[in-house]
Amino acid sequence: MTSPDVSWSYTGFNMFKEWLAQAEGFTLAEMIGFGGDRMWSSVSTTLAPLLDHPDDDGWV
């Protein structure tokens, strides 16, 4: 393997993001953009840009 590229389904990537959010102390489903009304500014995590990114928005 020559690169750190990863390929997941939308479901698999979403499950990964849910796990990361839980590890950071919050539930992804309570956040704006994921069905909830909690603002991202209320969460203190360096992972916010990854977690708040749409799964189907193409390349970053």
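These legends go with a few close-up views of a predicted model.

**View 1. The whole protein chain has two helices and zero strands.** Here helices (H or I, at least four residues) and strands (E, at least two) are DSSP runs, numbered from the N terminus. Of the chain's 60 residues, 18% count as buried, meaning under 20% relative accessible area, while exposed is over 50% and partly exposed lies in between (1.4 Å probe, protein chains only). About 4,700 Å² of the chain is exposed, and carbon and sulfur atoms supply 57% of that; such areas come from the Shrake-Rupley method with a 1.4 Å probe.

**View 2. Here's helix α1, residues 10–23, from end to end.** Its 14 residues, at 1.5 Å each, should span 20 Å, and the end C-alpha atoms are indeed 20 Å apart. The expected span is 1.5 Å times one less than the number of residues.

**View 3. Now for the two faces of α1.** Lys17, Leu20 and Ala21 are its buried residues. They sit on the same side of α1 because they cover an arc of only 100° around the axis, taken from the directions from the helix axis to the C-beta atoms. Turned away from that buried side are the exposed Thr11, Met15, Trp19, Gln22 and Ala23. The cover over the buried residues includes α2 (48–51).

**View 4. Just past α1 comes glycine 25.** This glycine takes a positive phi of about 100°.

**Small print.** Residues are numbered from 1 along each chain as its sequence is written, and side-chain values use heavy atoms, with hydrogens and water left out. Local features need pLDDT of at least 70 and side-chain atom pairs count only at pLDDT 80 or more, whereas totals for chains, interfaces and linings use all residues.

Conventions. Contact means heavy atoms within 4.5 Å.
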